[in-house]
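Here are my notes on this one, written as numbered points. Keep the structure open while you read and click on each residue as it comes up.

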Amino acid sequence: MCQQRWGLVQASGLSQLTRTQSLRCYRCQARKLECPFRLSSQEYGQDKSATKVNTQCSKCYEASPFGALKVERRYMAVGRNTSVMTNFILLGFSEQQELQVSLFVLFLGIYCMTLAWNLGLIVLIRMESHLHSPMYFFLGNLSFVDISYTSSVAPKMLCDFFKERKTISFVGCAAQFFFFIGMGGTECWLLAVMAYDRYAAISNPLLYTALMSPTTCVGMAIAAYTGGCLTGLVQTSSIFRLHFCGPRVINHFFCDLPPLLVLSCSSTFLSQVVNFLVVCAVGGTSALVVLVSYGYIIAAIMKIHSTQGRTKAFNTCASHLTTVILFYGSGLFSYLHSAAGSSRDQDKVVSMFYGAVIPMLNPIIYSLRNKEIKDALKKLKERKKWMFSLCLIVP
């Protein structure tokens, strides 16, 4: 058993605190090894922080893939940020080494398919002239947002799978959080804009060209990106204004909101209020636009007398409706899941679903249920066959 005596040292302007706490390194204790980490009283005196709450035994750090030293007790001076956090440690998915390769292959496959299918859809929309309509303009932007949304998390997560020290800098964590929240907010607004587009196409087909002119579509897309960036900026500012001290371990595979709030040693009340208001403003408003648009769409479809006409009208918005249900459903489930005090492992699975799986599924959903995209793919295949035959004929 290795024990270390920690003293609370005097900081500038603070009275001397002499109370000490005994810490135990659980790994050295279990293996009956002498802990190599020691701090002398002189080293304590050189430390100008008010407390010393986070340390790592080098031998334990090498033995642990997470580098997180569990301590029996921690003591902190109240009401003062006692350390400058320069980086965080990400725990990732699993502590079991035998699962690392399997998880790496699985998530690499998901990320590659997300990139391939969304990039393929963007290229297809750009190449085929009959897909140059408002609906496919917004669909191309949705694919770009899905790529950015997943890429804010996946590359770092994949690189960390075989690292023992899974660290991320403070600035890197803030940037990752900003892009993840910003792209998520942008997708909320894009789905709302796409719902309005379907409403204009079904309820007012004669005025559709005037309502959804190219200028209007570009303006709506810019507004969606601006709203997403503002969402990310507000959320990032409210979280990273907090003082982080003590253990710097994030029990997640990326910098998400709940595990960051746990690390704060200052009050998180204002940050939680800001988070609630942002969720209501962005998620609530965009969801309301979607619900109202589909209310008018259903009313317009019910006025169509022929069954064939109703089916055709419904098929034009079925893909978007499926995407909306998946996105908002997973987001609502994640929020309720976290509020219910679920385990971190379950939160990781939910985050992986709406952060990687849904962006992979979106282009598949639009491709399988869309006749125009199927026809464009057939034309593209025929064009490739024709070009291949031409290359064989011409020497």
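1. Let's start with C280. This cysteine has a relative accessibility of 37%, so it counts as partly exposed. C159 also falls in the partly exposed class, with a relative accessible area of 48%. Keep in mind while you look at these side chains that the model is predicted.

2. Now for the cysteines that are bonded. How many disulfides does a search of the whole structure find? The search turns up one, and the partners are C173 and C255, with an S to S distance of 2.0 Å. If the term is new to you, a disulfide is a covalent bond between the sulfur atoms of two cysteines. Which parts of the chain does the pair link? C173 belongs to helix α7 (residues 170-203), while C255 is in the loop between β5 (249-250) and α10 (257-263), so the link ties together distant parts of the chain, 82 residues apart. The angle about the S-S bond is -130 degrees, and the link of C173 and C255 is left-handed.

3. Are the two ends of that disulfide buried or exposed? C173 is buried because its relative accessibility is 0%. C255 is at 1%, so this cysteine counts as buried too. The cut-off to remember here is that buried means under 20% relative accessible area.

4. Stepping back to the whole protein, I'd note 14 helices and five strands in its secondary structure. The protein has 395 residues, and 44% of them are buried. Its accessible surface comes to about 21,000 Å², and carbon and sulfur atoms account for 65% of that. Among contacts with a separation of 6 or more, 76% are between residues 24 or more positions apart.

5. The strands deserve a look as well. Strand β3 (residues 87-90) pairs with strand β4 (residues 167-169) in the antiparallel sense, over three bridges. One place to see this is F88, whose bridge partner in β4 is I168. What is the sense of the pairing between β3 and β5? These two run in the parallel sense, over two bridges, and L90 has I250 as its bridge partner in β5.

6. Next, the salt bridges: the structure holds three. One of them joins the side chains of K156 and D160, at 3.3 Å from N to O. Both residues are in helix α6 (residues 154-160), four residues apart, or about one turn of the helix. K156 has a relative accessible area of 22%, so this lysine is partly exposed. D160 counts as buried because its relative accessibility is 5%.

7. Another salt bridge follows a similar theme, this time between D375 and K371, whose closest N and O atoms are 3.1 Å apart. Why are D375 and K371 separated by about one helical turn? It is because they are four residues apart in helix α14 (residues 371-393). D375 is partly exposed, with a relative accessible area of 26%, whereas K371 is exposed at 62%.

8. The salt bridge of D197 and R198 has an N to O distance of 2.9 Å between the side chains. Are D197 and R198 buried or exposed? Both are buried.

9. On the surface, look for a nonpolar patch of about 730 Å², made by F269, V273, F276, L277, L332, Y335 and L336. The elements giving two or more residues to this patch are α11 (269-302) and α12. Which element provides the largest share? That is α11, with four residues. L332, for its part, is found in helix α12, and its relative accessibility is 52%, so L332 counts as exposed.

10. Finally, stay on helix α12 (residues 307-339) and find T323. Is T323 buried or exposed? This threonine counts as buried because its relative accessibility is 0%. Leaving aside neighbours within four places in sequence, T323 is in contact with L191, N362, I365 and Y366. Try comparing T323 with L332: both are found in helix α12, yet T323 is buried and L332 is exposed.

How values were computed: Residues numbered from 1 in each chain as written. Predicted model: local features only at pLDDT ≥ 70, side-chain atom pairs only at ≥ 80, totals over all residues. Heavy atoms only, no water. Buried < 20%, exposed > 50% of the residue type's maximum accessible area, 1.4 Å probe, protein only. Contact = heavy atoms within 4.5 Å. Salt bridge = Lys/Arg side-chain N within 4 Å of Asp/Glu carboxyl O. Patch = residues over 30% accessible without salt bridge, like charges linked within 9 Å, V, L, I, M, F, W, Y side chains within 5 Å. Areas by Shrake-Rupley, 256 points an atom, 1.4 Å probe, with all protein chains shown as cover. Disulfide = S-S within 2.5 Å. Pairing = 2+ DSSP bridges.
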